[in-house]
Amino acid sequence: MKCSICNEKAIYAARYNGRHYCRFHFIEFVNDRVKKEVRRQHILDGGTVAVAVSGGKDSMTALHILSELAATQRKTKIVAITVDEGITGYRDKSLEIIEKYCDEHSLEWHVSRFSEYMGMTMDELAPIERPRTTCAYCGVMRRTLINRLARKVSASRLATGLNLDDTAQSILMNISRGDIERLHMMGPHEWVIEGLVPRVQPLRLIPENEVLLYATLRGIPFLRSSCPYSEEASRNLFRDIVLRLEEEMPGTRYALLKSAAAISCPRENVSAGRCIFCDEVTSGIICRACSLKREISEIYDRQNSLNSH
């Protein structure tokens, strides 16, 4: 097939818009949509933007594009932040990729570790008998530490690498659970809660397969392996559903975003309480992270007591 724009050989077909793209125009196609979101979300309007980087294709692409755009103006500083969950053979390899990239591009980089926050790594938590999946604990702890790191570097915005597929899956998950409140709380955040750095999502309109192709064509380094605990995630079911819907009805992912925007209500004067243990933002008395830390500690102590007898 030929490129729909220049008649050169196409390397990619976007079924949702019926167009084909050569290498040059595919990269331009992605860049244009990201720039549109950067402007709409006011991502590079000044101050410090913390980019949550895991070393995967999405976060590395977000870091790469935002760094390139920020380099053309001097009013915004890009800082990379990472959470080390302590997963041997996975996180340690991604840390090497991020460190090298930040060194080569003169980017500031900060890391926070599970071992320091909850006294154990995910590898140490995984074998323990517990009522929840590994991902249930990991996700909550990671979000808490990412927000803490963003505050530590005085970021006015926290950019994540969430792509179109991720967003569509989250929308479907929240709707299927009847959790409209969580649907309202999804990023990008146009409101501010003291203690919670507003999240922005420069890749929210880019499908996952396009992020992968873009990163490959641009030579952006990223870890190609998946987390060894990811098979436990309930999100996998919704990932399969979204992929099947998109295959049968191209454009479904964008339709889900449009539907979520129609359902969501504008939020004004948003306020929240503070955790009595850690002072992090929470809707209750104790934040979810502290609640799970206590749960893990109790389970760990109980198992040690049984083993000692």
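**Group meeting: a walk through one predicted model**

Let me start with aspartate 279, which sits in the loop between β8 (273–274) and β9 (281–282). The model on the screen is a predicted one, and in it aspartate 279 has a phi near 70°, a positive value in a residue other than glycine. I mention this because most residues other than glycine have a negative phi, and most peptide bonds are trans. As for its surroundings, aspartate 279 has a relative accessible area of 44%, and since buried would need under 20% and exposed over 50%, this residue counts as partly exposed.

Let me step back to the whole protein, which has 12 helices and nine strands. Its C-alpha trace spans about 75 × 45 × 45 Å along the principal axes. The radius of gyration is 20 Å, which agrees with the value near 19 Å that a compact globule of 309 residues would have. Of those 309 residues, 50% count as buried, and the accessible surface comes to about 16100 Å², with 50% of that area belonging to carbon and sulfur atoms. If we take the contacts between residues at least 6 apart in sequence, 73% of them join residues at least 24 apart. On the charged side chains, there are 43 positive and 39 negative ones, and the centres of these two sets lie 4 Å apart.

Now to helix α1, which runs over residues 23–40 and reaches 26 Å from its first C-alpha to its last, close to the 26 Å expected for its 18 residues. Which residues of α1 are buried? They are His25, Phe26, Ile27, Phe29, Val30, Asn31, Arg33, Val34, Glu37 and Val38. It may help to recall that an α-helix has 3.6 residues a turn, so residues three or four places apart point the same way. The elements covering the buried residues of α1 include the strands β1 (12–14) and β2 (19–21), together with the helices α2 (57–70), α9 (208–218) and α11 (252–263).

Arginine 40 also belongs to α1, and at 38% relative accessibility it counts as partly exposed. Leaving aside neighbours within four places in sequence, arginine 40 is in contact with Pro188, Glu190 and Arg204. Its C-alpha lies 9.5 Å from that of proline 202, although these two residues are 162 apart along the chain. Just after the helix, histidine 42 takes a positive phi of about 55°.

One of those contacts of arginine 40, proline 188, deserves a closer look. The peptide bond leading into it from glycine 187 is cis, with omega near 0°, and proline 188 is placed in the loop between α8 (180–185) and β7 (199–200).

Asparagine 174, for its part, lies in helix α7 (residues 164–176). Is asparagine 174 buried or exposed? With a relative accessible area of 5%, asparagine 174 is buried, and, not counting residues up to four places away in sequence, it touches Asp179, Arg182, Leu183 and Met186. Glutamate 210 is 36 residues from asparagine 174 along the chain, and their C-alpha atoms are separated by 25 Å.

I will finish with serine 154, in the loop between α6 (134–152) and β6 (157–159). Like aspartate 279, where phi is near 70°, serine 154 has a positive phi, here near 60°. At 56% relative accessibility, serine 154 counts as exposed, whereas aspartate 279, as I said at the start, is partly exposed.

Technical notes. Residues are numbered from 1 along each chain as its sequence is written. This is a predicted model: local features need pLDDT of at least 70, side-chain atom pairs count only at pLDDT 80 or more; totals for chains, interfaces and linings use all residues. Side-chain values use heavy atoms; hydrogens and water are left out. Helices (H or I, at least four residues) and strands (E, at least two) are DSSP runs, numbered from the N terminus. The expected span of a helix is 1.5 Å times one less than its number of residues. Buried means under 20% relative accessible area, exposed over 50%, partly exposed in between (1.4 Å probe, protein chains only). Contact means heavy atoms within 4.5 Å. The radius of gyration is taken over C-alpha atoms; the globule rule is 2.2 Å times the number of residues to the power 0.38. Accessible areas come from the Shrake-Rupley method with a 1.4 Å probe; for residues, only the protein chains shown count as cover. Lys and Arg count as positive and Asp and Glu as negative; His and the chain ends are not counted. The place of a charge is taken as NZ of Lys, CZ of Arg, CG of Asp or CD of Glu.
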